[in-house]
Amino acid sequence: MGVVHTQVRLQKLDFWVRYPDYLAFELMNEYEAAPDETGLLALAADILDSEVG
């Protein structure tokens with residue numbers, strides 16, 4: 001069972017790396033839920049600013 005959980009986790013990480021805009025969107029959602037976490041908003045901004053398209 002541990003191998004399956006590890007593979008799922010790896011697939012999730014692969015998704016976030018391939019589509020960083022989704023990760024930035026989720027970070028902004030987390031920031032809206034807890035505005036105290038100012039690092040989340042800065043991290044989302046860094047991700048969106050660093051995209052090469």
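**Exercises on a three-helix chain**

In this predicted model, the axes of helix H2 (residues 20–33) and helix H3 (residues 38–50) come within 8 Å and cross at roughly 160°.

**Exercise 1.** Work out how H2 is oriented relative to H3, and state the hand of their crossing.

Solution.
- Step 1. Two packed helices are described by the angle between their axes and the distance between the axes.
- Step 2. The angle here is roughly 160°, and angles over 145 degrees count as roughly antiparallel.
- Step 3. H2 is therefore roughly antiparallel to H3.
- Step 4. The hand of the H2 and H3 crossing is left-handed.

**Exercise 2.** List the residues that make the contact of H2 with H3, and sort them by class.

Solution.
- Step 1. H2 contributes Pro-20, Asp-21, Leu-23, Ala-24, Leu-27, Met-28, Glu-30 and Tyr-31.
- Step 2. From H3 come Thr-38, Leu-40, Leu-41, Leu-43, Ala-44, Ile-47 and Leu-48.
- Step 3. Sorted by class, the contact has 12 nonpolar, 1 polar and 2 charged residues.

**Exercise 3.** Decide whether Leu-27 is buried or exposed, and describe its surroundings.

Solution.
- Step 1. Leu-27 is found in helix H2.
- Step 2. Its relative accessible area is 12%; buried means under 20%, so Leu-27 is buried.
- Step 3. Leaving aside residues up to four places away in sequence, Leu-27 touches Leu-40, Leu-43, Ala-44 and Ile-47.
- Step 4. Gly-39 lies 12 residues from Leu-27 in sequence, with a C-alpha to C-alpha separation of 9.5 Å.
- Step 5. For the chain of 53 residues, the buried share is 8%.

**Exercise 4.** Describe the elements of the chain and the confidence assigned to them.

Solution.
- Step 1. The chain has 3 helices and 0 strands, in the order α-α-α from the N terminus.
- Step 2. The mean pLDDT is lowest in helix H1 (residues 2–18), at 84, and highest in H2, at 92.
- Step 3. Over the chain the average is 85, and 87% of the residues score at least 70.
- Step 4. Where pLDDT is low, the predicted coordinates should not be read in detail.

How values were computed
Residues numbered from 1 in each chain as written. Predicted model: local features only at pLDDT ≥ 70, side-chain atom pairs only at ≥ 80, totals over all residues. Heavy atoms only, no water. Axes fitted to C-alpha atoms, helices over the stretch in contact; angles between N-to-C directions. Helix = DSSP H or I, 4+ residues; strand = E, 2+ residues; numbered from the N terminus. Parallel < 35°, antiparallel > 145°, perpendicular 65-115°, else oblique. Left-handed = near helix turned anticlockwise from the far one by under 90°. Contact = heavy atoms within 4.5 Å. Nonpolar A, V, L, I, M, F, W, Y, C, P; charged D, E, K, R; others polar. pLDDT = per-residue confidence, 0-100. Buried < 20%, exposed > 50% of the residue type's maximum accessible area, 1.4 Å probe, protein only.
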